[in-house]
Amino acid sequence: MRELHDLVVGIATEAAELARTRRHEGVAVAASKSSLVDIVTEADREVERFVVERLQAARPDDGILGEEGASVAGTSGLTWVIDPIDGTVNYFYDIPAYAVSIALVEGEPEPTTWRALSGVVINGATGERFEALRGEGARLDGREIRVADAVRASMALVGTGFGYDAGRRERQAAVVQGLIGSVRDIRRIGSAALDLASVACGRLNGYYERGLQPWDMAAGALLVEEAGGDVRGWGGAPASSAFLLAAHPALADELAALLEPLAPHEV
């Protein structure tokens, strides 16, 4: 597994360098997806192709699940879950918070049932490298990281995100309005992978969001778990697109209690 982990770290590092190079050259929007504001750039597609080609050359029997359409079933029982540029809107606007995120998972490529084995999240703008190998902890640029010590929700800096659909954003904003008086403050960074990495290294005390896709959470959730945090869905269910909450276990209990009455079905 160490060999596979080193493989993904190397590929992700090269992919982040490619994304950064393309950002400096200028960004071209290739298409929109779920809505006009949910964009995909030419760089998203190019970076995903690069990662897929490198992985298939090294691991031809493994499955692949990528945000920009890569889908290979595989025969090994292992799947690489790829987000070539998480935070594409930040990338488009040249906001330095976008990331390459790659995870290796065991089992079906479904967050509620898979077992993440290895993950790496690299901020393409800064080069910061977050990585985790199951059972061996989480690291930032080679230094071991841990989630922040438990605090009461009233002292917690909490991250979240918003969907691309305008109606959903309005409902999510209403939840933030209901929560913000009970926590230190709210942050919206614009990249789920970096939000989860920030929980893992203690920059955020907690993070929650609804509507995440498998590639948004695969590597970041493992980072949080290996850094001593808890990642969960509603009512103790596994994290999924329905809901994800990440924090120190004690804080996660309090945040869940605050969030569930606000909007158990739409946060």
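Let's start small: serine 198 counts as buried, at 8% relative accessibility. It's a handy way into this predicted model, since serine 198 lies in helix 5, and helix 5 (residues 192-201) packs on a sheet, touching strand 11, strand 13 and strand 15 (244-247). That sheet is an open one of 5 strands, and there's also an open sheet of 8 strands to get to know. Below is a quick tour of both, plus a pocket and a few single residues.

**Around serine 198 and the 5-strand sheet**

- Leaving aside neighbours within four places in sequence, serine 198 is in contact with Ile189, Arg203 and Leu204.
- What order do the strands of this open sheet come in? Reading across, you get 12-11-13-15-14, and the pairing is mixed.
- The edge spots go to strand 12 (185-187) and strand 14 (230-232), each of which pairs on one side only.
- On average, neighbouring strands here are turned by 20° against each other, if you ignore direction.
- Strand 11 (residues 157-160) and strand 13 (residues 206-209) are linked by 3 bridges and pair in the parallel sense. Look for valine 158, which stands opposite glycine 206 in strand 13.
- Helix 4 (residues 166-179) packs on this sheet too, touching strand 11, strand 12 and strand 13, and its direction makes about 150° with that of strand 13.
- For helix 5, the direction also makes about 150° with that of strand 13.

**The 8-strand sheet**

- The other open sheet runs 4-3-5-6-7-8-9-10, again with mixed pairing.
- Strand 4 (71-72) and strand 10 (143-145) stand at the edges with a single partner strand each, so one side of each has no neighbour in the sheet.
- Strand 5 is a good one to find: 9 of its 9 residues are buried, so the rest of the structure largely encloses it.
- On one side, strand 5 is joined to strand 3 by 4 bridges, with the two running parallel. Isoleucine 64 has tryptophan 80 as its bridge partner in strand 5.
- Strand 5 is also joined to strand 6, this time by 7 bridges and with the strands running antiparallel. In this part of the sheet, valine 81 stands opposite alanine 103 in strand 6.
- Further along, strand 8 (residues 129-133) and strand 9 (residues 138-140) run antiparallel and share 3 bridges. Phenylalanine 130 has leucine 140 of strand 9 as its bridge partner.

**Helices on the 8-strand sheet**

- Helix 2 (residues 42-58) lies across strand 3 (63-66), strand 4, strand 5 (78-86) and strand 6 (99-106), and it runs at about 155° to strand 5.
- Which strands does helix 6 (residues 214-226) touch as it packs on the sheet? Its list is strand 3, strand 5, strand 6, strand 7 (115-123), strand 8 and strand 9.
- The direction of helix 6 makes about 100° with that of strand 7.

**The second largest pocket**

- This pocket holds about 180 Å³ of space.
- Its lining is made up of Pro111, Trp114, Arg115, Ala116, Arg134, Met217, Ala218, Ala221, Leu222, Glu225, Val231 and Ala239.
- Strand 7 and helix 6 are the elements that give two or more residues to that lining, and helix 6 gives the most, with 5 residues.
- By type, the lining residues divide into 9 nonpolar, no polar and 3 charged.

**Two more residues to look up**

- Is alanine 103, in strand 6, buried or exposed? With a relative accessible area of 1%, alanine 103 is buried.
- Not counting residues up to four places away in sequence, alanine 103 touches Thr79, Trp80, Val81, Ser118, Gly119, Ala218 and Ala219.
- Alanine 103 and leucine 133 are 30 residues apart along the chain, and their C-alpha atoms are separated by 9.8 Å.
- Aspartate 141 sits in the loop between strand 9 and strand 10, and at 47% relative accessibility it counts as partly exposed.
- Again not counting residues up to four places away in sequence, aspartate 141 touches Gly127, Glu128 and Arg129.
- Aspartate 141 and glutamate 131 are 10 residues apart in sequence, and 8.2 Å apart in space from C-alpha to C-alpha.

Methods
Residues are numbered from 1 along each chain as its sequence is written. This is a predicted model: local features need pLDDT of at least 70, side-chain atom pairs count only at pLDDT 80 or more; totals for chains, interfaces and linings use all residues. Side-chain values use heavy atoms; hydrogens and water are left out. Two strands pair if DSSP finds at least two bridges between them. Contact means heavy atoms within 4.5 Å. Axes are lines fitted to C-alpha atoms, for helices over the stretch in contact, and angles run from 0 to 180 degrees between N-to-C directions. On a 1 Å grid over the protein atoms alone, a cavity is a set of points where a 1.4 Å probe fits but cannot get out, and a pocket is an open set with protein on both sides within 12 Å along at least five of seven lines; lining residues have an atom within 4 Å of a point. Grid points are joined across faces, edges and corners, and a volume is the space filled by probe spheres set on the points. Ala, Val, Leu, Ile, Met, Phe, Trp, Tyr, Cys and Pro count as nonpolar, Asp, Glu, Lys and Arg as charged, and the others, Gly among them, as polar. Buried means under 20% relative accessible area, exposed over 50%, partly exposed in between (1.4 Å probe, protein chains only).
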